[in-house]
Amino acid sequence: MTGAGSADAFDGANFPQCERDGKIFLDVCALDELPRKSGKAIFFDDETQVAIFRIAEELYAVSHICPHQHVPILADGLLDDLTVTCPLHGWMYSLENGKALGGGAKLKTYKVFEESGRVWLEQPKRIEPDWIMDF
Ligand code: FES
C-alpha cells in the first residue's frame with residue numbers, strides 16, 4: 001500500500017486529495033450529489049465504506065456498515081434529527097459520535113467538509129475484519 005499518510009491508510013488514488021490539520025482528505029463527490037433525505041455511500045472496499053449525510057447545511061460521515069449484522073446499508077437509513085436508523089432491524093446511531101442509542105455498538109466517524117461545492121472526506125484507515133485479526 002502506498003498511503004500518503006500512515007501505512008494503514010488508503011492511497012486514495014481514485015480521489016483528488018488535500019491536506020488539512022495534518023490529515024489527508026479525499027474529494028469524494030459534489031455537494032449536489034448528496035441527497036437531502038438519505039445518505040450517499042462511498043465504497044473503498046468490502047470492509048471500509050462510508051455513509052455521508054447532509055442535514056441542513058452540516059455534513060456527517062459515519063461507517064456505512066451496520067455492526068449488528070455487518071450489512072452495508074446505513075446510507076439508506078432513516079434520518080431523524082441527528083440520528084440514522086438502520087432499515088433492517090432498527091438500531092439507531094448518533095451521526096455526531098457514531099454511538100448506538102441504547103446499546104454498546106459504535107460506528108466509526110469521519111471528518112468531512114464542503115468547499116467550493118465539493119465534499120472532502122477524511123481518508124479512512126483500512127479496517128481489517130475480525131476474522132483476520134484473530135489469526
Ligand atoms: S443490520 Fe442494522 S440493525 Fe440489524
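Valine 112 stands opposite leucine 121, a residue of strand β13. The strand that carries valine 112 is β12, which covers residues 112-115 and pairs with β13 in the antiparallel sense over 4 bridges. These two strands form a hairpin with 2 residues between them. Within that hairpin, serine 116 takes a positive phi near 55°. The model described here is a predicted one, and its features are best followed outward from this pair of strands.

Strand β13 also has a second partner. It pairs with β2 in the antiparallel sense, here over 5 bridges. Leucine 121 appears again in this pairing, since the residue that stands opposite leucine 121 from the β2 side is leucine 26. Leucine 121 of β13 is thus set opposite valine 112 and also opposite leucine 26.

From β2 the path leads on to β1. Strand β1, made of residues 17-20, pairs with β2 in the antiparallel sense over 4 bridges. One of the matched pairs joins glutamate 19 to isoleucine 24, its bridge partner in β2. As with β12 and β13, the two strands form a hairpin with 2 residues between them. Aspartate 21 lies in the loop that links β1 to β2, and its phi is near 50°, a positive value in a residue that is not glycine. Is aspartate 21 buried or exposed? Aspartate 21 is exposed, because only residues with 20 or more other C-beta atoms within 10 Å count as buried and those with 12 or fewer count as exposed, and aspartate 21 has 7 such atoms.

The strands met so far also contribute to the interior. The largest nonpolar core contains 28 residues, and the members that touch the most others are Ile52, Ala61, Val62, Val112 and Leu121. The strands that each supply at least two residues of this core are β2 (23-30), β3 (39-45), β4 (48-55), β5 (58-63), β6 (65-66) and β13 (118-122). In soluble globular proteins, nonpolar side chains tend to be buried together. Alanine 61 shows how parts of the chain meet: leaving aside residues up to four places away in sequence, it touches Val50, Ile52, Thr109, Tyr110, Val112 and Leu121. Two of the residues named at the outset, Val112 and Leu121, are therefore among the contacts of alanine 61.

A separate topic is the sheet of 3 strands. It is open, runs in the order β8-β9-β10, and has antiparallel pairing. Its edge strands, each pairing on one side only, are β8 (78-80) and β10 (92-94). On average, and with direction ignored, neighbouring strands of this sheet are turned by 25° against each other. Between β8 and β9, the latter made of residues 83-85, the antiparallel pairing extends over 3 bridges. In that pairing, leucine 78 stands opposite threonine 85 of β9.

Two loop residues deserve a closer look. Histidine 70 is found in the loop between β6 and β7 (71-72). Its phi is positive, about 55°, although histidine 70 is not a glycine. Histidine 70 counts as exposed because it has 12 C-beta neighbours inside 10 Å. Glycine 102 has its place in the loop between β10 and β11 (109-110). Glycine 102 is likewise exposed, with 8 other C-beta atoms within 10 Å. Its C-alpha atom is separated by 8.2 Å from that of methionine 92, although the two residues are 10 apart along the chain.

The whole can now be set out. The protein has 13 strands and 1 helix, and from the N terminus on, the strands come in succession before the helix ends the order. Of its 135 residues, 27% count as buried. Among contacts between residues at least 6 apart in sequence, 41% join residues at least 24 apart.

The confidence of the prediction remains to be considered. The mean pLDDT of the protein is 89, and 85% of its residues reach 70 or more. Over residues 1-8, however, the pLDDT is below 50, and this stretch has 15 contacts in the model beyond near neighbours in sequence. Where pLDDT is low, the predicted coordinates should not be read in detail.

Terms used:
Residues are numbered from 1 along each chain as its sequence is written. This is a predicted model: local features need pLDDT of at least 70, side-chain atom pairs count only at pLDDT 80 or more; totals for chains, interfaces and linings use all residues. Two residues are in contact if their C-beta atoms, placed from the backbone, lie within 7 Å. A nonpolar core is a set of buried Ala, Val, Leu, Ile, Met, Phe, Trp, Tyr and Cys residues joined through C-beta atoms within 7 Å. Two strands pair if DSSP finds at least two bridges between them. Axes are lines fitted to C-alpha atoms, for helices over the stretch in contact, and angles run from 0 to 180 degrees between N-to-C directions. pLDDT is the predictor's confidence in each residue, from 0 to 100.
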